[in-house]
Amino acid sequence: MKKPAFLSMIAILFLLISSVSGTTASALSYSPSLVHKKGAMAYEHTKYLSEVIGSRVYGTAGEVKAKEYIQQQFERMGYKPSVQSFTFTRRGKEYLSANVLAYKPGKSSKQIIVGAHYDSVSIGKGADDNASGVGVMLEVAEVLKKVKTPYSIVFVAFGAEEGGLNGSNYYANQMTSKDIKNTVGMINLDSLAAGDKMYVHGSAGEARFIRDQAIKIAKKKKLDIGINTGLNPDYPAGTTGDWSDHAPFSKLGIPFAYFESTNWEIGELDGYEQTEEYGGIWHTEKDTLAFIEEAYPGRTQERLATYSQVLTDLLKFMNKTSISK
């Protein structure tokens, strides 16, 4: 543990930046009618994070502004969010970041963790990766605020995912054995707007019940979410890799579901090439709403509305499987 003076200076800077950036975020509100239009509120959050704030690289003012915005939005909805600050070292340099948490009590004290990272890389504006995931999470948090869900829900906006899953690793490492036992599953939302196809991945074996429930909901609603069909033997049908915020929870034995938009049928068959026409959108200059909407008119709105509907019902009816009870 390296601390004293250096970390104190970082903490002071973090607080100063937060207080300045929070002034604008605290004044922002939205029409209540948006929450009744599937995907509309998610779109507004996506637009604000990517177009107004822009690049949100960990350890920068952009990431802090995003953190403040998310915290303010949870407060606007009526939640009492908390901030889980953490430090990490990358390439010999120490950084400060934070997770933003909002807790929704359910009929049971057993909990579901729903997470999306809010940071981005320096290139592009991070509209797809991952303002879109945060947008859907915030919309669903608002839709479900007064709904009696079977399980309690912890909504978590993870900081510093890029470059090491730092926020989700920190959160998972703070969980006690009691917390882990009390957690029914984790749902990860990452890069939802740009890919050719919509997917929900899940744990292997019986722990796949969250993914299976999501697929049932999508089919019932006639929404086009599918699974990785297993063309690549390294990733059997329905599974994925450990490169996003579900990974630290999976390592703890917590079942997960992971929503993403990409294309597992092209390139190296590993989900990295999101589109047939442009390849990967994430981590490129193309990761802006302007580009995605010009290249694929209506795609972002459709994706956000679809994921929002499925996630909402998934959280409302998570207990409708024998394994999850």
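Me: Leaving aside its neighbours within four places in sequence, which residues is E139 in contact with?

Reply: Happy to start there, and keep in mind that this is a predicted model. To read a residue's surroundings, set aside its sequence neighbours and list what remains. For E139 that list is K37, K38, G39, A40, M41, A42, H45 and S308. The residue itself belongs to helix α4, which spans residues 127–143.

Me: Is E139 paired or unpaired: what is the nearest side chain of opposite charge, and how far away is it?

Reply: The general idea is to look for a Lys or Arg nitrogen within 4 Å of the carboxyl oxygen. Here the nearest side chain of opposite charge is that of K38, 8.6 Å away. E139 is therefore without a salt bridge, since the cut-off is 4 Å. E139 is nevertheless buried.

Me: Let's turn to strands. Why is strand β3 described as largely enclosed by the rest of the structure?

Reply: A good approach is to ask how many residues of the strand are buried. In β3 (residues 108–117) 7 of the 10 residues are buried, so the rest of the structure largely encloses this strand.

Me: In which sense does β3 pair with β4, and over how many bridges?

Reply: Check the direction of the two strands, then count the bridges. β3 and β4 (residues 151–158) run in the parallel sense, with 8 bridges between them. The path of the chain from β3 to β4 leads through α4, and this β-α-β crossover is right-handed. That brings us back to the helix that holds E139.

Me: What does β3 do with β5, and which residue of β5 stands opposite G115?

Reply: β3 also pairs with β5 (residues 183–189) in the parallel sense, over 5 bridges. G115 is a handy residue to follow: N188 stands opposite it in β5, while V156 is its bridge partner in β4.

Me: Now the charges. How many salt bridges are there by this rule?

Reply: The count comes to 10. One of them joins R303 and E302, at 2.8 Å from N to O. R303 is buried, with a relative accessible area of 4%, whereas E302 is partly exposed at 41%.

Me: Which residues do salt bridges with shared partners join into one network?

Reply: Look for a residue that appears in two pairs. R208, R211 and D212 form one such network. D212 meets R208 with the closest N and O atoms 2.9 Å apart, and meets R211 at 3.2 Å. As for exposure, R208 is partly exposed at 35%, D212 is partly exposed at 26%, and R211 counts as buried at 7%.

Note on methods
Residues are numbered from 1 along each chain as its sequence is written. This is a predicted model: local features need pLDDT of at least 70, side-chain atom pairs count only at pLDDT 80 or more; totals for chains, interfaces and linings use all residues. Side-chain values use heavy atoms; hydrogens and water are left out. Helices (H or I, at least four residues) and strands (E, at least two) are DSSP runs, numbered from the N terminus. Buried means under 20% relative accessible area, exposed over 50%, partly exposed in between (1.4 Å probe, protein chains only). Lys and Arg count as positive and Asp and Glu as negative; His and the chain ends are not counted. Contact means heavy atoms within 4.5 Å. Two strands pair if DSSP finds at least two bridges between them. A crossover is right-handed if, with the strands pointing away from the viewer, the path from the first strand over the helix to the second runs clockwise.
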